[in-house]
Structures are given as structure tokens and as C-alpha cells.
Amino acid sequence: MIRDTIKAAQISSMKSGDKARLAAVRLILSKLKDKDIELRTATVVPEDDVLVTDVLQKMAKQRRESITMYEAGGRQELADVEKAELAVIEEFLPQQMSEDDTRAAITALIAETGAAGMKDMGKVVAALKARHGTQLDMSKASGLVKAALAG
């Protein structure tokens, strides 16, 4: 389980004295605890690895957006901190599908669902997320779906 790997990374970071990595790992564990608390009242709780991957993907997306904003604002020192956190977060994310593999999966799902145009985009994106959600950046994938259905 990914959560166990993250906890092990926390312990190894403490032992090695890597303060920056430890801070990033603790941040991840904090976000996971927040999500666990949020899901206490939920009727359907997703599988743990799916939940952890979802939290990690959101954190990675936030870091990428922050890096872009900091660099545009001339705050390279803050962008570097975000890049370091992003590197730690990405260590725990499952291997992402390549763009070619993503396009192949989208093409297969379009054929499978019988999607004919933009009105079927939601159906294709939902199927894509159900099958490959942990291996994809869904914001990029939805753009690829849109391009495939438009073309």
C-alpha cells in the first residue's frame, strides 16, 4: 500500500536528518489524515491506494500551479521549495501512462463506448478515470479526449 510506503519514508527521513524531505512527507500524511477525517461520514469509501493517489495527484497539481505562479512573479526561491515538495510527492505516485498509451486507451474507450461526438465526452472521461485514474493526470487526459472527439 502506498500509505505504508509514505510512513516508511517519514521514518527514514527522520533517521537521516533530511528536514526538507521530512517536511514534505509530513505534509502528505497531514493531507491524508484530513481526507480520512472527511470520509468518516461517507457512505462509500474508495480503496486506500485510490484515495492516496487522488490526494497525491491534487497535491502535485497544486505544486505545479504554484511553481508557474512563483516563476511568473519572479520568486524563484519559493518556486524551488515547491519543486522540492513536488519531487517528493511524485515519488509516491504510481507510474504515469505515457501520452501515446493515453491516446491508445482513449481511442479504445471511444470505440468501446460508441462515443460519436462532444456530447459523449463525459462518458469517455468517466470510463477513462474508472480504468486508468491512478495512472493519469485527468486534466491533461480530458484535453486529449476532447481533441480525439473533435477530430
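Okay, one definition before anything else: when I say two residues are in contact, I mean they have heavy atoms within 4.5 Å of each other. Hold on to that, it comes back a few times. And please keep in mind that what you're looking at is a predicted model.

So, contacts. Take the ones in the protein chain that join residues at least 6 apart in sequence: 57% of those join residues at least 24 apart.

What is the chain built from? Seven helices and zero strands. If you walk along the sequence, the pattern you read off is α-α-α-α-α-α-α. Easy to remember, at least!

Now some overall numbers. The chain has 151 residues, and 35% of them count as buried. Draw a box around the C-alpha atoms along the principal axes and you get roughly 55 × 45 × 25 Å. The accessible surface of the chain is about 9,100 Å², and carbon and sulfur atoms account for 55% of that. For charges, there are 23 positive and 23 negative ones, and their mean positions sit 4 Å apart.

Next, the largest pocket. How much space lies in it? About 620 Å³. Its lining is made of 27 residues, and the ones that lie nearest the centre are Gln57, Gln96, Leu136, Asp137 and Met138. Three helices each supply at least two lining residues: H3, which runs 48-72, H5, which runs 99-113, and H7, which runs 138-150. Which helix gives the largest share of that lining? H3 does, with eight residues.

Since H3 has come up, let's stay there and look at Ile67, which is in that helix. Is Ile67 buried or exposed? Its relative accessibility is 9%, and buried means under 20%, so Ile67 counts as buried. Who does Ile67 touch, if we skip residues up to four places away in sequence? Ala79, Glu82, Lys83 and Leu86. Leu86 is 19 residues from Ile67 in sequence, and their C-alpha atoms are 9.5 Å apart in space.

Carry on along the chain to Gly73, in the loop between H3 and H4. Buried or exposed, this one? Exposed is over 50%, and Gly73 comes in at 54% relative accessibility, so Gly73 counts as exposed. Compare its position with Ala87: the two are 14 residues apart along the chain, and their C-alpha atoms are separated by 21 Å.

Then there's Asp80, in helix H4, residues 76-92. Here the relative accessible area is 39%, and that lies between the 20% and 50% cut-offs, so Asp80 is partly exposed. From C-alpha to C-alpha, Asp80 is 11 Å from Thr68, and the pair is twelve residues apart in sequence.

Let me jump back to an earlier helix, H2, which covers residues 19-38 and holds Lys35. Why does Lys35 count as buried? Because its relative accessible area is 17%, and the cut-off for buried is under 20%. Leaving out neighbours within four places in sequence, Lys35 is in contact with Leu51, Val55 and Lys58.

Last stop: Val145, in helix H7. What is its relative accessibility? It's 0%, so Val145 counts as buried. Again not counting residues up to four places away in sequence, Val145 touches Ile106, Met121, Val124, Val125 and Leu128. And one more pair for you to find on screen: Val145 and Ile110 are 35 residues apart along the chain, with 8.7 Å between their C-alpha atoms.

To wrap up, then: a predicted model, with seven helices and zero strands, and a largest pocket whose lining draws its largest share from H3. Thanks, everyone!

Methods:
Residues are numbered from 1 along each chain as its sequence is written. This is a predicted model: local features need pLDDT of at least 70, side-chain atom pairs count only at pLDDT 80 or more; totals for chains, interfaces and linings use all residues. Side-chain values use heavy atoms; hydrogens and water are left out. Helices (H or I, at least four residues) and strands (E, at least two) are DSSP runs, numbered from the N terminus. Buried means under 20% relative accessible area, exposed over 50%, partly exposed in between (1.4 Å probe, protein chains only). Accessible areas come from the Shrake-Rupley method with a 1.4 Å probe; for residues, only the protein chains shown count as cover. Lys and Arg count as positive and Asp and Glu as negative; His and the chain ends are not counted. The place of a charge is taken as NZ of Lys, CZ of Arg, CG of Asp or CD of Glu. On a 1 Å grid over the protein atoms alone, a cavity is a set of points where a 1.4 Å probe fits but cannot get out, and a pocket is an open set with protein on both sides within 12 Å along at least five of seven lines; lining residues have an atom within 4 Å of a point. Grid points are joined across faces, edges and corners, and a volume is the space filled by probe spheres set on the points.
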